Amino acid sequence: MELCKENYGPNAMESHNLINSTAKAHEDPSPSDACIVSDMELTLVSPTSETNDNDNGRLPDVVVEAKLPGDDVPEQIQETYFSIAIQVFIPFLIAGFGMVFAGLVLDRIQHWPVFEKVTELVILIPALLGLKGNLEMTLASRLSTQANLGHMDTPKQQLSMIIGNLTLIQCQAIVVGFLGSVVAVVMGAIKSNDVELDHAYLLCASSLVTVSIASLVLGLITAGVIVLSRLCHINPDNVATPIAASLGDITSLALLSWVATLLYKSIGTHDWLAPLIIAAYILAIPLWIWIAKRNLQTRDVLYNGWTPVVGAMLISSMGGLILDFMVSRFEGIAVFQPVINGVGGNLVAVQASRISTALHKQSVLGVLSAVGNEDEDTVIFISPVAAFWGKGTHARTTRVLMAMVLPGHLIFIYTIDYMKSGDTQLSSLFVIVYLCAATMQVATLLYVAYIMIHWMWKRKIDPDNSAIPYLTSMGDLLGISLLAIAFQFLYLVGDHEIPDPGEG
């Protein structure tokens, strides 16, 4: 190893210094690194007293420990219950109020002419909101992991990472948004035994415009939150995913209702508008693919990241079919759908992002760090008792997240009740049944998240790209199913205070 003489002087070069380099050899060492010490972190170890007594005018021997940049992951700050709760709960509340307003928007737009005439739009809503959540939360998880690993500390790194990921989610949004609209058309056709071409064009065009604009705006907000979190020394895993969801649902619903209404009014006068929009977006796909492929940070996801988002879209579409059926029976269910789905999705996304970051820091993809002689299957398939009451970091986070379910939902449902009527009290039975459904949903998701993410890691599937879409879509399906069961139960036991927008 060659040292820079101008840094130490000729006398230092002549002394019998002991240089102990602990830097690991890189896979592709560069022969041009003539002065490698200048790029290393040097630690000087104090010389012994014997050396100091007998230096004979020479510089004392020093031990230099050198570490190359990037050899070590940034030191993990030990988080307490309080720090996790504060960092998660504030964004969680912000996101929750965003979902409350999304529920109020959905409650209002379900009676608009376009939603009553084109009923497939109701089937599309959970898939569309789920797709938006999947893309933005996956983006947040991916960028949070990179930020925690120290790969987003310079403006150049940030720009490359953000541009590549925004291009990637634009491509995914267009493709999966189109597929989602096709699935909604097919499900609507099965339900009504009829397909109207104008309505199919309207559905596809509305879906494409909504997911494209929403993904761009929300992607920029998510990236900004992560960069700001690093500057403020806040763990982005705790705040990025809830913030990403805070404006997502209401933005997507507002865009969908606005675009669908405009296209519905154009039927019969500008029939070419919807097909033109569809064609323009489909022709733009190769451009987004080309840009994303050129970026090293997103190339692998471009090739391997489609199965989770497409699978999640299909799962959410089943939830949409349930919602379409239940809205015809209980109008009041629509206002609670974004809230119960959003809360579960946000909390499990925080847990998924944290577990994924921890795995990236502890070991390489495909290797699980087992304790003692534990079998890796034991690490993956843990019991519910260990998942919720264990002593590990993830169990502690699980308890913190579970503690937010009841107070969070109480705040949100009473906010909905106040904004809907103001003078009508929710029945105690409704609140109890609703909270039971919400607690079951979140507990199931958090337990499944631990197993799924470790299972993916063992099989060399990056959970940052794959876990959140499956988990949030499962949350959508589970949330709307439990909500439907809750409303049906209340109806059967004769609770006549089931929330109904028609009574307000």
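**Exercise 1. The side chain of H454**

Task: In this predicted model, find which backbone oxygen lies 2.8 Å from a polar atom of the side chain of H454, and state whether H454 is buried or exposed.

Solution.
- Step 1. Locate the residue: H454 belongs to helix α18, which covers residues 428-458.
- Step 2. Find the partner: the backbone oxygen of Y450 is 2.8 Å from a polar side-chain atom of H454.
- Step 3. Classify the accessibility: the relative accessibility of H454 is 4%, and buried means under 20%. H454 therefore counts as buried.

**Exercise 2. A side-chain pair at T398**

Task: Identify the residue whose side chain is joined to that of T398 by a polar contact, and give the distance.

Solution.
- Step 1. T398 sits in helix α16, residues 393-403.
- Step 2. The side chain of T398 makes a polar contact with the side chain of Q351, at a distance of 2.8 Å.
- Step 3. With a relative accessibility of 4%, T398 is classed as buried.

**Exercise 3. The salt bridge**

Task: Count the salt bridges, name the residues that form one, and say which parts of the chain the pair ties together.

Solution.
- Step 1. The criterion is a side-chain nitrogen of Lys or Arg within 4 Å of a carboxyl oxygen of Asp or Glu.
- Step 2. The count under this rule is 1 salt bridge.
- Step 3. R230 and D153 form a salt bridge, and their closest N and O atoms are 3.2 Å apart.
- Step 4. R230 is in helix α7, while D153 is in the loop between α5 and α6, so the pair ties together parts that are 77 residues apart in sequence.
- Step 5. R230 is partly exposed at 26% relative accessibility. D153 is also partly exposed, with a relative accessible area of 45%.

**Exercise 4. Two surface patches**

Task: Which residues gather in a patch of negative charge on the surface, and which residues form a nonpolar patch?

Solution.
- Step 1. The patch of negative charge consists of D194, E196, D198 and D271.
- Step 2. Take D194 as one of its members. D194 lies in the loop between α6 (155-192) and α7 (197-231).
- Step 3. Patch members need over 30% relative accessible area. D194 has 43% relative accessibility and counts as partly exposed.
- Step 4. The nonpolar surface patch is formed by I213, L216, V217, L220, I221 and L247, with about 470 Å² of accessible area together.
- Step 5. L247 is in the loop between α8 and α9 (248-266). Its relative accessible area is 44%, and L247 is partly exposed.

**Exercise 5. Positive phi in two loops**

Task: For H233 and K460, give the phi value, then determine whether H233 and K460 are buried or exposed.

Solution.
- Step 1. H233 has phi near 60°, which is positive although the residue is not glycine.
- Step 2. H233 is located in the loop between α7 and α8 (236-246). At 71% relative accessibility, H233 is exposed.
- Step 3. K460, also a residue other than glycine, has a positive phi near 60°.
- Step 4. The loop between α18 and α19 (463-492) holds K460. With a relative accessible area of 60%, K460 is exposed.

**Exercise 6. Pairs separated along the chain**

Task: Give the C-alpha separation and the sequence separation for the pairs E136 and I243, L321 and I125, and H409 and I340. For E136, L321 and H409, add the accessibility class.

Solution.
- Step 1. E136 is part of helix α5, residues 120-148. The C-alpha atoms of E136 and I243 are 9.8 Å apart, with their positions 107 residues apart along the chain. E136 has a relative accessible area of 1% and is buried.
- Step 2. L321 is placed in helix α12, residues 306-329. Its C-alpha atom is 9.9 Å from that of I125, and L321 and I125 are 196 residues apart along the chain. L321 counts as partly exposed, at 35% relative accessibility.
- Step 3. H409 is in helix α17, residues 405-420. H409 and I340 are 69 residues apart in sequence, and their C-alpha atoms are 8.0 Å apart. At 0% relative accessibility, H409 is buried.

Technical notes
Residues are numbered from 1 along each chain as its sequence is written. This is a predicted model: local features need pLDDT of at least 70, side-chain atom pairs count only at pLDDT 80 or more; totals for chains, interfaces and linings use all residues. Side-chain values use heavy atoms; hydrogens and water are left out. Patches are made of residues with over 30% relative accessible area and no salt bridge: like charges are joined within 9 Å, nonpolar side chains (Val, Leu, Ile, Met, Phe, Trp, Tyr) within 5 Å. Accessible areas come from the Shrake-Rupley method with a 1.4 Å probe; for residues, only the protein chains shown count as cover. Lys and Arg count as positive and Asp and Glu as negative; His and the chain ends are not counted. The place of a charge is taken as NZ of Lys, CZ of Arg, CG of Asp or CD of Glu. Helices (H or I, at least four residues) and strands (E, at least two) are DSSP runs, numbered from the N terminus. Buried means under 20% relative accessible area, exposed over 50%, partly exposed in between (1.4 Å probe, protein chains only). A polar contact is a pair of N or O atoms within 3.5 Å; within protein, one must be able to donate a hydrogen and the other to accept it, and residues adjacent in sequence count only if both atoms are side-chain atoms.
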